[in-house]
Each structure stands twice: as C-alpha cells, then as structure tokens.
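Subject: Structure handover and notes

Dear colleague,

Please find below the structure I promised to pass on, followed by an account of what I found in it. I would be grateful if you could read the notes with the coordinates open beside them.

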Amino acid sequence: MPDASGNDANGNEEGKNTPEAPEEPVIPEESVVPAEPEPSSGTGTTETPGETGEYVLNNHADQITSVKFTYKKGGKEVEVDKGQIIDTPDDLSMNIKVVFKSIPVATLIEHNGKFVYNLPKEFQIKETTTKNMTQDSKVIGTITVDTNGKVVVAYNDEYLKDLNENLTIGGNFFASAELKLNSITEGNGQTTVKTPKGDIAINLGMDYNEHYGTVAVTKQCSKGDKSGDYIKYTVTVTAGEDGIKNLYVVDQFTENKNLVNYVGIEKNEQLLKSAEKQQNPYETITSSVSNPTAGTIYLINEADANSKQEIPDRITDETAITKPGSFVWKIAEMKAGEIRTLTYFVKLKDDSGIIKIGENQSIKNKAQLYTKGANDKIYTKGGSESSFQPQIDYTMQKDAATPKKDADGNYIIDYTLRFSLNEASNYPLKNFVFWDYLNYSGYTTHGDMHPYISYAQDSFKVMNSKNEDITENMDIYWAKGNDRDYKKEWNFEKDGNPVRFKIMGKEESPINVNPGETYTVTYQLKVQPEVYAVMKANSVEIKNKYLASCSNACKPDGYIGNDMLPSR
C-alpha cells in the first residue's frame with residue numbers, strides 16, 4: 001500500500017502526496033497524510049451508516065493498522081503502541097497517530113467523501129482546526145480536528161471521481177490532543193485509554209494534580225495616594241478547570257529592594273483576613289464553594305541565589321529577617337475556576353537620600369508560583385513581575401526684586417524662593433530644607449563684600465500651598481565662611497554677618513512636600529553703601545545660590561536641585 005507525507009504542523013507548507021514515502025514517526029500538531037489509491041482485492045466492505053450518516057473508522061478495526069501515541073518525557077519524544085504505558089509525561093499534550101488501510105473509494109463516495117475517527121474520550125481538543133491535504137501541490141481535501149473530539153477526513157469530489165471505485169484508500173493522520181486530568185483515577189493516578197487496536201495505560205503519579213493541574217498568576221502594583229508612603233500590590237491566582245492543590249506563591253523584590261519594606265507580614269504564619277484593614281495583607285476569594293479555607297502568609301529570608309530551593313523554609317527560631325526578605329503565600333486547595341487575590345503593601349523608606357534623583361530606580365518585584373507534590377517534589381507553575389518607579393518632578397525658582405534704598409542709604413533686595421513638587425510626581429519629599437548661599441563654591445559673592453551684606457532676620461516668611469503663613473513652625477540656621485556647622489542662635493553683632501542659611505521645619509512640624517504642593521520663602525538682603533568703596537566700583541554684583549534638599553531623595557551632590565541668581 002503506497003503511503004505519503006502529511007502537511008506540516010504549522011500549515012506553512014501543504015503536504016505532498018509521495019508514493020512509497022516512509023511514515024513520519026513524530027508530528028507535533030494536527031495533520032493528515034493524503035493516501036494513494038490502492039488496488040482492491042474485492043468489492044470492499046461497506047458499513048451501514050449511523051444516524052448521522054458518518055463513516056466512523058473506529059467501527060472498522062480491520063481498516064486500522066495501528067493507533068500510536070507520542071508524548072514527551074524529559075524533553076525527549078517517546079512513542080507507545082497498544083499494550084504499552086505512558087509514564088509521567090512532561091505535560092498532558094500528546095500526538096495520536098492513526099494508520100488506516102483499505103477504505104473503499106466507493107464507500108467514501110457514499111459518505112460524501114468523508115470518514116470520521118473519534119478520539120479517545122479521555123482526551124480533549126481546545127480549538128477546532130482545519131488544514132488542507134495536497135497531492136502534487138494540488139489540494140485534494142481537508143482534515144478537521146474538532147473540539148467535540150472528532151477527526152473528519154474529507155476528500156474533494158473531483159479527486160474521488162477521478163479514482164476507480166474498485167480501489168481502496170490507505171494512509172495515516174494524526175492529531176495533537178490533551179489528556180483530561182479528570183479522567184485520572186484519584187486513588188492511583190492512572191487511567192486506561194481504549195483504542196480500536198488495543199489499550200494503552202497512562203500513569204501520571206499520585207501527585208498528578210499538583211504536577212499537571214493548570215493555574216495562572218498575575219501581579220500588579222499601584223500607588224493611589226501620591227502623597228502616601230505605601231505601594232499597593234495584588235497577586236491573583238486563577239485555578240484551571242480541574243482545580244489544584246498545595247500552592248505556594250513566593251514573592252520577593254529583584255531590583256532596588258533597599259527602597260522598601262513589607263508591611264504587616266511577620267515570621268509567624270498567619271491566616272489571611274478577607275477584608276482590608278490599614279496596610280495589612282488580605283485575601284479575597286471567588287469560588288464555587290462556600291466558606292473556602294483561607295490562605296496563610298509568612299515572612300522569610302530570601303533564598304540564596306545559588307540555591308535550588310524554590311520555596312525557602314519558614315523560620316521557626318530566633319533567626320532575624322534580612323529586610324525586606326520575601327514572603328510565602330500558601331494555599332491548600334483551589335477548586336475549578338477559583339480566583340484568589342492577595343493584596344499587600346510595602347512602605348517606601350525614608351532613609352537619607354535613598355531615592356537617587358535622575359537614576360530611574362525601578363523597584364521590581366516578582367511573584368513565583370509553585371505546587372508541592374509527593375516527597376516534597378516542587379513543580380513550577382509560572383510567575384509574574386511588576387515594577388514601580390518613584391517619580392520626582394519639581395520646579396525651583398529664585399526671584400530678586402529691583403533693589404530699593406532705605407532711609408539710611410542701604411540697598412534692600414527682596415528675594416523669593418519657590419519649590420513646587422509637580423503632579424507628575426508619585427512620591428512625597430520628607431523633611432524638606434531650603435538652602436541659600438552667598439559663597440557657594442564656584443558661585444560666590446566677592447569675599448570683600450561680605451561684611452557689608454546682611455540678611456534681614458525679621459524679613460523671613462514661609463508660606464505653604466494653602467497660602468498660609470507657617471513661619472512660626474520653622475527654624476532658621478546660619479553659617480559663616482565655609483563653616484558647615486550651622487547655628488540656630490546667631491548673634492549678628494558678635495558673630496558678624498552670616499553668608500548662608502537654611503530653613504527647615506521644627507522637629508514636630510517638618511516640611512513634607514506632597515505632589516501638587518508649592519512652598520515659598522521670602523526674605524530681604526541689605527547691602528550697605530560702603531561696599532562700593534571697598535570694591536572701587538559704581539556697581540557690584542551679588543551672587544547667591546538657592547538649593548533644596550530632603551531626607552529621602554537626592555542627587556549625587558546631596559541636594560535635590562539648585563537655582564542661582566546674580567543681582568546688581
């Protein structure tokens with residue numbers, strides 16, 4: 001009986017009818033081998049059609065040469081025949097190849113050019129596919145693998161009419177199908193598949209649910225309150241059509257973990273609540289059963305990067321957590337289609353200069369999902385990542401009014417310092433400080449002028465975004481020369497004129513700038529007329545620089561930003 005090769009698995013190149021071609025041992029997807037007509041030894045055998053008028057090949061075992069299954073084990077393809085066993089495959093996808101012979105052309109014509117093969121009831125087809133059969137580059141029919149488990153091989157009328165009705169047809173076809181997990185006997189993890197040519201046993205092992213059960217995990221993060229310190233994360237686990245048991249979600253930060261800490265998660269394993277309470281973790285469940293058992297959560301140290309231990313052990317002694325650590329969300333069982341969402345929070349740290357402005361620090365976090373089977377065997381079920389990047393977008397501005405003379409002939413200059421944390425920011429600036437320098441390195445007022453230039457102490461005023469005067473809640477610190485030891489108590493007569501100052505909130509009322517807020521400082525600078533004689537000039541230039549800082553963000557120089565302004 002001549003045989004032929006089939007169309008390729010991806011449908012990119014249609015199959016070609018090649019007489020005497022050897023059978024393909026493995027085909028990864030649905031396909032068909034269009035058969036050559038073969039001389040009949042008689043008039044052939046016809047079967048009384050069923051109620052649908054189909055010619056069902058399963059009912060004609062004499063016209064089936066073999067039914068073989070191909071599966072993967074350890075990444076290698078294994079083919080089994082009747083009487084053999086499929087043992088713990090890598091996954092539930094298998095190829096079923098049927099070799100047929102001696103189907104009378106007359107019988108095909110009587111059945112509209114089609115025959116049907118019913119795949120074993122233990123298997124399912126997730127999507128209906130139809131592909132062409134070709135012979136010498138000519139389409140001679142189609143093969144359809146349907147979600148109802150039927151393979152329909154249909155020859156074109158023109159092709160069959162050109163054949164002698166006394167001939168028979170032989171060939172092979174194959175389909176990629178998935179074993180139904182619910183066909184496995186719960187007590188032993190096995191099942192037997194019956195085919196027209198004999199039985200094939202399947203063994204998935206006692207932990208078949210943990211091994212082969214399907215489940216998906218997704219992860220998201222958000223920061224609804226831009227002025228807050230907390231990032232909200234959700235991890236959603238969705239069970240497949242067979243449910244799944246013994247799940248473990250291991251969550252840890254993979255980049256810039258030094259910026260955050262988990263909130264409300266402890267070393268001791270705790271039962272998750274079902275509703276939000278402050279920033280504590282909680283779990284919501286959508287299930288087909290009432291009162292499903294809640295999951296648990298506990299904090300652990302990160303697994304060693306070189307360790308093969310996917311699920312770190314729970315800490316039961318006095319071992320400290322190296323923060324932020326990681327955590328395990330443990331779920332005993334999920335029913336078919338069940339959805340669970342864990343919501344938890346992390347707090348952005350306030351450590352000195354921890355956010356590096358301009359470095360685009362992304363806080364990356366990954367949730368990895370596992371199941372644990374027999375003998376603590378771990379099965380990886382996927383993972384999901386999320387990323388949060390602190391955004392600090394600000395505007396700094398320094399203005400100087402036109403100098404004006406007072407009654408003593410001194411020039412008075414009104415200055416305004418503004419700082420706006422724009423709405424594009426998603427992070428507040430803590431313990432904000434205004435800095436002003438007459439002698440900043442590289443941008444300084446001539447030193448000979450310093451004795452004749454002074455800050456007017458009683459002119460300072462600080463306003464917030466609500467246009468409220470908050471000066472009484474502020475402290476002003478002064479320094480002279482290159483002295484970095486600022487003093488709050490400054491005796492202008494004894495200590496001389498300071499050349500720099502900083503303004504910050506008192507300990508109980510720090511300046512915390514939230515996105516969308518603007519703070520303003522106004523003050524006056526007095527320039528005595530003697531400065532012209534000292535400088536031997538008709539005009540002088542006052543150079544001063546405005547900088548800003550906060551406790552939780554900075555640039556490499558330690559400040560947030562700066563603005564400088566000369567005045568004449």
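Two strands are taken to pair if DSSP finds at least two bridges between them. With that rule, strand 18 (residues 260-262) pairs with strand 23, since three bridges join these strands, which run antiparallel. Please keep in mind throughout that this is a predicted model.

First, the overall picture. The protein has five helices and 40 strands, and of its 568 residues, 48% are buried. Among the contacts between residues at least 6 apart in sequence, 71% join residues that are at least 24 apart. The accessible surface of the protein comes to about 27,500 Å², and carbon and sulfur atoms account for 43% of that area.

Strand 23 and its partners come next. Strand 23 covers residues 339-348 and is mostly covered, with eight of its ten residues buried. In the pairing with strand 18 already mentioned, Val260 stands opposite Leu348 of strand 23. Strand 16 (residues 230-239) also pairs with strand 23, in the antiparallel sense and over nine bridges, and here Tyr233 is placed opposite Tyr344. Strand 20 (residues 282-286) is a further antiparallel partner of strand 23, through five bridges, with Ile285 standing opposite Arg340.

Two open sheets deserve a description of their own. In one of them, six strands follow the order 19-21-22-17-25-26, and the pairing is antiparallel. Its edges are formed by strand 19 (270-271) and strand 26 (378-388), each of which pairs on one side only. At one edge, strand 19 and strand 21 (residues 296-300) are joined in the antiparallel sense over two bridges, and Leu271 has Thr296 of strand 21 as its bridge partner.

Within the six-stranded sheet, how many of the ten residues of strand 25 are buried? Seven of the ten residues of strand 25 (residues 363-372) are buried, so this strand is largely enclosed by the rest of the structure. Strand 17 (residues 244-255) runs antiparallel to strand 25 and is joined to it by eight bridges, among which Val249 is partnered with Leu369 of strand 25. Strand 25 also pairs with strand 26, again in the antiparallel sense, over ten bridges, and the bridge partner of Gln368 in strand 26 is Gly383. These two strands form a hairpin with five residues between them, in which Asn375 takes a positive phi near 55 degrees.

The other open sheet has three strands in the order 5-14-13, and its pairing is mixed. Strand 5 (85-87) and strand 13 (190-195) are the edge strands, each pairing on one side only. On average, neighbouring strands of this sheet are turned by 20 degrees against each other, with direction ignored. Strand 5 pairs in the parallel sense with strand 14 (residues 198-203) over three bridges, and Ile86 has Ile202 in strand 14 as its bridge partner.

Turning to the packing of nonpolar side chains, the largest nonpolar core has 75 residues, and those with the most contacts inside it are Phe419, Phe434 and Ile542. A second, separate core has 44 residues, including Ile103, Tyr155, Leu160 and Phe173. To return to Phe434 in the largest core, and leaving aside its neighbours within four places in sequence, its contacts include Leu417, Phe419, Phe501, Ile503, Ile511, Val521 and Leu547, and also Lys502, Tyr519, Thr520 and Tyr546.

Finally, the cysteines. A disulfide is counted where two cysteine sulfur atoms lie within 2.5 Å, and by this rule the count comes to zero disulfides. Cys550 is in no disulfide, and the nearest cysteine sulfur, belonging to Cys554, is 7.7 Å away. Is Cys550 buried or exposed? Because buried means under 20% relative accessible area, Cys550, with a value of 9%, is buried. Cys221, in contrast, has a relative accessibility of 23% and therefore counts as partly exposed.

With best regards

Key: Residues numbered from 1 in each chain as written. Predicted model: local features only at pLDDT ≥ 70, side-chain atom pairs only at ≥ 80, totals over all residues. Heavy atoms only, no water. Core = buried A, V, L, I, M, F, W, Y, C linked by side-chain atoms within 4.5 Å. Buried < 20%, exposed > 50% of the residue type's maximum accessible area, 1.4 Å probe, protein only. Contact = heavy atoms within 4.5 Å. Helix = DSSP H or I, 4+ residues; strand = E, 2+ residues; numbered from the N terminus. Axes fitted to C-alpha atoms, helices over the stretch in contact; angles between N-to-C directions. Areas by Shrake-Rupley, 256 points an atom, 1.4 Å probe, with all protein chains shown as cover.
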